[in-house]
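Look at the sequence and the structure shown below, and keep both in view while you read. The report that follows takes the sheet, the helices beside it and the surroundings of the ligand in turn.

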Amino acid sequence: MAQQAAGMSGFDFSNAMVVITGAGAGIGQGIAQAFHAAGGRVALGDLRKDAVERAAAGLGGERTFAGAVDVRDEKSVQAFFAAAERALGPVTIAVANAGIYPNCPVLDMTVEEWDRVMETNMRGVFLTCQAAARSMKTGARAGKIITISSGAYASGRVGASHYCASKAGVVMFTRVLAMELAEQRINVNCIAPGYIKVDTETLPPTSDFETALIQNTPWGRLGTPADIAPAALFLASAAADYVTGEVLSVNGGAFAGRMYLPLSTPKAR
Ligand SMILES: NC(=O)c1ccc[n+]([C@@H]2O[C@H](COP(=O)([O-])OP(=O)(O)OC[C@H]3O[C@@H](n4cnc5c(N)ncnc54)[C@H](O)[C@@H]3O)[C@@H](O)[C@H]2O)c1
């Protein structure tokens, strides 16, 4: 499906070296597939080495690099970028996608859980973007950086205080980085996906939760990684050269309003 999307997009990434974190599953894997299908060299990083190696093998192995990385750890991120660049050349596009989304009400939350979410979702985005931007700047290259936030940056959800706060942080980080890198002609943009159905190793969402989300999505279905990948291709393409510091929501219309409300008055005859 991602391949189809890339083919239909008309975007050509045959000169691109794309680094994607959290590429061993879900949205990151879908983005990696799409860039690869559009001709790019693709470096896939993930905490789970086996998962990311499987994902790279699924792309045929050519024009790919798979490496273990913990985005919370500065040395790990630097080592991953260095190895990826040795294998595939200097990075031109980076997608800071790795993130986690556990659920817990504030009053029950441990400091450890709060920190784990912040360290993965915020420090991880900072370190990934910093490594990519430093490489681009050192090589005097223009480039594209994409962060992955969530609709949760603007719309709160019970049990997700840490997640919502981290994703709002990603948006503001993206905007400031876009200003700081503009002179270098490095575009920095953010994708805010709505709820995306992925195979998850953690607790699967309840059907009540998913039904409620569908009811509030004008498109009437949950998203898939293949819905997100084309947005990444667009933001990484020359078509988006004058787009920076933006948030692109991809959510089937979920931010348009409250789908579940009935007519406010009876229909006039
Ligand atoms: N699925 C959704 O509904 C949804 C909606 C909005 C935003 N997002 C965001 O999209 C991104 C990807 O989500 P997903 O649903 O594909 O998740 P996922 O769990 O399917 O995949 C995330 C990948 O990130 C990896 N990862 C986790 N911690 C890491 C770390 N410290 N270092 C490196 N890799 C790490 C995991 O091993 C996993 O392979 C996340 O940032 C998430 O917050 C997801």
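In this predicted model, strands E4 and E5 pair in the parallel sense, and four bridges connect them. Within that pairing, isoleucine 93 stands opposite lysine 144 in E5. E4, which covers residues 93-96, also pairs in the parallel sense with strand E1 (residues 17-21), over three bridges, and here valine 19 stands opposite alanine 94 in E4. E5 in turn is joined by six bridges to strand E6 (residues 186-193), and these two strands run parallel. The table lists these three pairings.

| Strands | Sense | Bridges | Residues paired |
|---|---|---|---|
| E1 and E4 | parallel | three | Val19 and Ala94 |
| E4 and E5 | parallel | four | Ile93 and Lys144 |
| E5 and E6 | parallel | six | Thr147 and Cys190 |

Which way do the residues of E4 point? Ile93 and Val95 point one way from the strand, while Ala94 and Ala96 point the other way, and all of them are buried. This fits a general rule for strands: in a regular strand the side chains alternate between the two faces of the sheet.

These strands belong to an open sheet of seven strands with parallel pairing, whose order is E3-E2-E1-E4-E5-E6-E7. Strand E3 (64-68) and strand E7 (247-250) stand at the edges, and because each has a single partner strand, one side of each is left without a neighbour in the sheet. On average, neighbouring strands of this sheet are turned by 15° against each other, direction ignored.

Helices pack beside these strands. Helix H6 (161-181) lies across E5, E6 and E7, and runs at about 165° to E6. In helix H3, which spans residues 49-58, Val52, Ala55 and Ala56 are buried. Seen down the axis of H3, these buried residues fall within an arc of 95°, so they line one face of the helix. A general property of helices helps here: an α-helix has 3.6 residues a turn, so residues three or four places apart point the same way. The buried residues of H3 pack against H2, strand E2 (41-46) and E3, whereas Asp50 and Ala57, on the other side of H3, are exposed. After H3 comes glycine 60, whose phi is positive, near 95°.

Serine 149 is found in the loop between strand E5 (143-148) and helix H6. Is this serine 149 buried or exposed? A residue counts as buried when 20 or more other C-beta atoms lie within 10 Å of its own, and serine 149 has 27 C-beta neighbours inside 10 Å, so it counts as buried. Leaving aside residues up to four places away in sequence, serine 149 touches Lys167, Val170, Val171, Cys190, Ala192 and Val247. The C-alpha atoms of serine 149 and asparagine 121 are separated by 8.6 Å, although these residues are 28 residues apart along the chain.

Around the ligand there are 29 residues, and of these Gly22, Gly26, Ile27, Gly99 and Ser150 come nearest. Helix H2 (26-37) and helix H5 (111-138) are the elements that give two or more residues to this shell, and H2 gives the most, with three residues. Sorted by class, the shell around the ligand has 14 nonpolar, 11 polar and four charged residues.

Conventions. Residues numbered from 1 in each chain as written. Predicted model: local features only at pLDDT ≥ 70, side-chain atom pairs only at ≥ 80, totals over all residues. Near = placed C-beta within 6 Å. Nonpolar A, V, L, I, M, F, W, Y, C, P; charged D, E, K, R; others polar. Buried ≥ 20, exposed ≤ 12 C-beta atoms within 10 Å, placed from the backbone. Contact = placed C-beta atoms within 7 Å. Pairing = 2+ DSSP bridges. Axes fitted to C-alpha atoms, helices over the stretch in contact; angles between N-to-C directions. Arc of directions from axis to C-beta.
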